[in-house]
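Please look at the chain below and follow how its helices and strands are arranged. The paragraphs after it go through the parts one by one.

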Amino acid sequence: MSFIASTPKPPYYAVIFTSTRTEGEHGYGEMAMRMVELAQQQPGFLGVESAREEVGITVSYWADLASIKRWKANAEHLAAQKTGRESWYASFKVRISKVERDYGC
């Protein structure tokens, strides 16, 4: 299994979520797995990559901006966002970018 998302030919969009955590688990790992599972069910979802050390970075890939907007408004995702702000994240930033080019092996 590859940890690098298999994405289509550009253009497509990337949502880059960067965060630092608070102390303690508080159900974070379970919810993170659920959010990936839920995102995979959303129209326009293309893939996800994630890594966490002192700073966590999760990049999800989407077909278009409308798909990202629907994902942001998903009720279960909204509840997770609220818990994240209140319990899991000391700080976070979301960036949305259009991928114009990709390459690799």
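Helix 3 lies across strand 1 and strand 4, and runs at about 140° to strand 4; here helices (H or I, at least four residues) and strands (E, at least two) are DSSP runs, numbered from the N terminus, while axes are lines fitted to C-alpha atoms, for helices over the stretch in contact, and angles run from 0 to 180 degrees between N-to-C directions. This is a predicted model, in which local features need pLDDT of at least 70 and side-chain atom pairs count only at pLDDT 80 or more, whereas totals for chains, interfaces and linings use all residues. Residues are numbered from 1 along each chain as its sequence is written, and side-chain values use heavy atoms, with hydrogens and water left out.

The strands beneath this description belong to an open sheet of four strands, whose order is 2-3-1-4 with antiparallel pairing; two strands pair if DSSP finds at least two bridges between them. Strand 2 (45-52) and strand 4 (89-99) stand at the edges with a single partner strand each, so one side of each has no neighbour in the sheet. From one strand to the next, the twist averages 15°.

Strand 1 (residues 12-21) pairs with strand 4 in the antiparallel sense over ten bridges, and with strand 3 (residues 56-62), again in the antiparallel sense, over seven bridges. Ala 14 shows both pairings, as this residue stands opposite Ser 97 in strand 4 and has Tyr 61 as its bridge partner in strand 3.

Turning to the helices, two packed helices are described by the angle between their axes and the distance between the axes. The axes of helix 1 (residues 28-40) and helix 3 (residues 75-88) come within 11 Å and cross at roughly 150°. That makes helix 1 roughly antiparallel to helix 3, since angles over 145 degrees count as roughly antiparallel (under 35 is roughly parallel, 65 to 115 roughly perpendicular, and the rest oblique).

Where helix 1 meets helix 3, the residues in contact (heavy atoms within 4.5 Å) are Tyr 28, Met 31, Arg 34, Met 35 and Leu 38 from helix 1, and Glu 76, His 77, Ala 80 and Trp 88 from helix 3.

A search of the whole structure finds eight aromatic pairs, where rings of Phe, Tyr and Trp (its six-membered ring) pair if their centres lie within 6.5 Å, and planes under 30 degrees apart count as stacked, over 60 as edge-to-face and the rest as tilted. The rings of Tyr 28 and Tyr 89 have centres 5.9 Å apart and planes at 90°, so this pair is edge-to-face. The pair links distant parts of the chain, with Tyr 28 in helix 1 and Tyr 89 in strand 4, 61 residues apart.
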